[in-house]
Amino acid sequence: MLLLTVKHIIADFIFQTSWMAIGKDQKTGWAMPLLAHCSVHLVTSLLLIMVFAPRFWFVAFIDFAIHITIDRIKGICASSFGVTLENEHPWFWTLIGVDQALHHLTGFGLAIFMAAN
């Protein structure tokens, strides 16, 4: 769980560019920034898993699928309701918090799966 949390911090906050962060939440043109961002998660997950638990290589692809789904739903909510930091929307930080909680729950679930198998 700790390793997946560190991976998430690296992929979501260090390797995510402004183009990815802003672009993935747009009404149009969101696909490439979202794919790029989630591909960073895929690569970092795969590298981490290949070092520490290579038999679970496929978990990186599960993480990718869940991450892209969560982020797309967040993007739909953000673009549909104008939830941005720039317009000081009251739901902005709530949406970020729910997004991060879901990602951490994903890591928790994947860690339990790998530990149990």
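This tour moves from the whole chain to a few aromatic side chains, with a suggestion at each stop of what to select.

Before selecting anything, bear in mind that the structure on screen is a predicted model. Begin with the protein chain drawn as a cartoon, where you should find 5 helices and 0 strands. If you follow the cartoon along the sequence, the pattern reads α-α-α-α-α. With the chain still in full view, consider its overall dimensions: the radius of gyration is 15 Å, close to the 13 Å that the globule rule gives for 117 residues, so the chain is as compact as a globular protein of that length. Turned along its principal axes, the protein chain has C-alpha atoms that fill a box of roughly 45 × 25 × 20 Å.

Next, display the contacts, keeping those between residues with a separation of 6 or more; of these, 64% join residues that are 24 or more positions apart in the protein chain. Then switch on the surface, whose accessible area comes to about 6,800 Å², with 77% of it belonging to carbon and sulfur atoms. Colouring by burial gives another view, in which buried residues make up 39% of the 117 residues. For the charges, select the 6 positive and 7 negative side chains, and note that the centres of the two sets lie 8 Å apart.

Now hide the surface and turn to the aromatic rings. A pair of aromatic rings is described by the distance of the centres and the angle of the planes. Counting rings whose centres lie within 6.5 Å as a pair, the model has 7 aromatic pairs. Select Phe56 and Phe58 to see one of them: the ring centres are 6.2 Å apart and the planes stand at 55 degrees, so this pair is tilted. Phe56 is buried, with a relative accessible area of 6%, whereas Phe58 counts as partly exposed at 30% relative accessibility.

Move on to Phe92 and Trp93, whose ring centres lie 4.8 Å apart with the planes at 85 degrees, so the pair is edge-to-face. Which of the two words, buried or exposed, applies to Phe92? At 16% relative accessibility, Phe92 counts as buried, because the cut-off for that word is under 20%. Trp93, in contrast, counts as exposed, with a relative accessibility of 60%.

For the last stop, select Phe56, Trp57, Phe58, Phe61 and Phe113 together, since these residues form one aromatic cluster. Phe56 and Phe58, the tilted pair visited earlier, can be found again here.

Technical notes. Residues numbered from 1 in each chain as written. Predicted model: local features only at pLDDT ≥ 70, side-chain atom pairs only at ≥ 80, totals over all residues. Heavy atoms only, no water. Helix = DSSP H or I, 4+ residues; strand = E, 2+ residues; numbered from the N terminus. Rg over C-alpha atoms; globule rule 2.2 N^0.38 Å. Buried < 20%, exposed > 50% of the residue type's maximum accessible area, 1.4 Å probe, protein only. Contact = heavy atoms within 4.5 Å. Areas by Shrake-Rupley, 256 points an atom, 1.4 Å probe, with all protein chains shown as cover. Lys, Arg positive; Asp, Glu negative; His and termini not counted. Charge placed at Lys NZ, Arg CZ, Asp CG, Glu CD. Phe/Tyr/Trp six-rings, centres within 6.5 Å; stacked < 30°, edge-to-face > 60°.
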